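Q: Please take a close look at a single part of this model, and then set it in its wider surroundings. A formal, connected account would be welcome.
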Amino acid sequence: MTTLEAPGTPPPPPAAATRPLARKRSRPSEQLFKWLVMGLTAITIAMLIWLISSVVIKGAGSLSWAFLADRPSSNPDKAGFNSALRGSVVLMLITIFFAWPIGVAAALYLEKFATQSAEASERKVRERLGSGVSGVHAGWLRVRLWWLRVRPRVVHLVDVNISNLAAVPSIIYGLLGLAIFVGILGISKSLLAGGLTLAVLILPIIIIAAREALRAVPISIEQGAMALGATRWQAVRSQVFPAALPGILTGTILAMSRAIGETAPLIVVGGIVFGTAVPSLNPLDAGNEALFAMPLQIYFWTDQPQASFQAIAAAGIIVLLATLLVMNLVAIILRNRYSKRW
Amino acid sequence: MTPVGGPSGRRKRLGGSVGERAMLLALAAAAIISILVTVGIVVVLVGEGATFFTEVPLKEFFTGTEWFPVEGKYGVLPLLNASIVIALIAAVVAVPLGLGSAIYLSEYAPERLRRVVKPVLEVLAGMPTIVLGFFALDAVTPALQNIIPGLGLYNALAAGIVVGLLITPLISSLSEDSMRAVPNAMREGAFGLGATRRVVSLKVVVPAALSGIVASIVLALSRAIGETMAVTLAAGTVPNLSWNPLEGMQTITAYIVQVSKGEASRGSLQYESIFAVGLLLFVVTLAINIIAVRIVRKYRTVYQ
């Protein structure tokens, strides 16, 4: 971009020598177009400011420690956000517990092992098949040979599949959760069912983010370790993975911030709870706890006709947005602090 | 099975010990799970949908103009129509805003400003949709009611506007990326021929980045059709086959939410109907995404 800054951007001081060549004033249409695109950008930002300020103005009055500590109530003056907060914490714990190991493992495989050339292994397996093994062992070797052959196609399929999954509307994941977790596995419409659904929802996001983080670690790190005699697995486990960890965690936090604001899949899985229960913070109890979550509570309040419920819905939104802000700040700090330039 | 070749490092690298193989197997299994998710989605939607379609003929579903489950009328056109109307309103809002921002950020804005504005725009994309729904009901609709007297509390216009806001950063971000991928030599060549910055933007950069721009708009449409909470809150829950954006209408997604809230008993026709419309939604968004990928692949020009 550096060579480009001259024509147009903030009116350059006309150097005497270039003056005959440069237009002294832009044509009106030039200015107009610049103002147009600038204006469109400004409108977008203005809408964001309008959104945030209207929520803050409406909700700030209802925000208090009591609001955070109280249980839900049919009386808007007494209704609190505590159950929703607890529900969201438990949901996030369950989501991370299931989505993180699977997502990171899948990313490790796809990025570091699946794309390795199969030639050497294939030759080796063939050799051993030829050297007169029999029975189960031969069968196993044939399975390995078959796998080495279909692997590139499977990996391609997984690749396409993950990017498509990331674009599936979240409400579809709700239907999946409803049919599988509630319908087939018989989990009650609980925090557990909701957390599992969100885990499936963010799995592709975590895989994509973790793959990017792994890709950012230069291949020379891995090669260095392997040159010293480490196996690929050892090199990845003790060198590549630790180096990619800050990036993976950043991606994970961003995926969580997507999950914590999701409403639609939770409604489909668990419906809307009218109760005034306060769910336990212990994730092991989640199978018996009614599905509470910040966005669900906000939806429930927003859907009520009385104006006073709108105010506490706005207060709930402030809490949700503040949580998101903190999560994003942590992600940014993590990235800036631990990201290495190779 | 014994580890191949014993302690010699070089041979170990080819096969690996049993423990390492087991580890690899576990990693591969994790990768396969992502395929199982897709299989699960398809099986669930098709399976439950099939039960639905044994009771409601496909023809009635796709050509019926009334969606009134209580009376057994399952014509999906009102729901599909509402989803499309709102996505189109969203596009009318988001395409100018998104493209304008993209051109400004890529061609006009100083680098320092760009670095601030871009993440700010992306805040909109990360906004939980329930917040946008609240914003539509609480701020956008009242503001519209001042301009358009007689506008109801639930209307497609406000829903479309907030969904438009949601997808604007999607368009601006992806379009800007592809505009910045246009090599400077092309801009400089045009400047050298005496073109102004506006001409360079519109006649050189935008055409060169067109595949990325079109793909971003198509992807944004797919996101708009799948959007749920904002349209449920802002456009209401009454199925209405109409192209009038000032009326309330129920989208596919809003119907799913409405039924889920009401605890339709498992196995009832209503319960199955949400999977049937979910299948339709899944197919529509998948088709749109495939189109977007095709567009990029077919028309992308790779610059050195």
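A: The part chosen is helix α9(B), whose buried residues are covered by elements that include α1 (28-59) of chain A and α4 (77-108), α7 (156-180), α8 (184-192) and α10 (210-226) of chain B. The model is predicted: local features need pLDDT of at least 70 and side-chain atom pairs pLDDT 80 or more, whereas totals for chains, interfaces and linings use all residues. Residues are numbered from 1 along each chain as its sequence is written, with chains lettered from A and ligands numbered from 1 in the order in which they are written.

Helices are DSSP runs of H or I with at least four residues, numbered from the N terminus. Helix α9 of chain B spans residues 197-208, and its buried residues are Arg197(B), Arg198(B), Val200(B), Ser201(B), Val205(B) and Val206(B). Viewed down the axis of α9(B), these buried residues lie within an arc of 145° and therefore line one face of the helix; the arc is that of the directions from the helix axis to the C-beta atoms. The face turned away from the buried side carries the exposed residues Lys203(B) and Pro207(B). A residue is buried if 20 or more other C-beta atoms, placed from the backbone, lie within 10 Å of its own, and exposed if 12 or fewer do.

The wider setting is the contact between the chains, which takes 78 residues from chain B and 76 residues from chain A; two residues are in contact if their C-beta atoms, placed from the backbone, lie within 7 Å. On the chain B side, helix α2 (residues 18-55) supplies the largest share, 18 residues. By class, that side divides into 43 nonpolar, 22 polar and 13 charged residues. Nonpolar covers Ala, Val, Leu, Ile, Met, Phe, Trp, Tyr, Cys and Pro, charged covers Asp, Glu, Lys and Arg, and the others, Gly among them, are polar.

Chain B itself is divided into domain 1 (9-55) and domain 2 (76-299), with bounds from an automatic or database domain assignment. Taken over C-alpha atoms, the centres of these domains are separated by 33 Å. In their contact, 10 residues of domain 1 meet eight residues of domain 2. The domain 1 side has six nonpolar, two polar and two charged residues.

Elsewhere in chain B, Val277(B) lies in helix α13 (residues 269-299). Val277(B) is buried, with 26 other C-beta atoms within 10 Å. Beyond neighbours within four places in sequence, Val277(B) is in contact with Val76(B), Leu79(B), Ile252(B), Tyr255(B) and Ile256(B).

Key. Helices (H or I, at least four residues) and strands (E, at least two) are DSSP runs, numbered from the N terminus.
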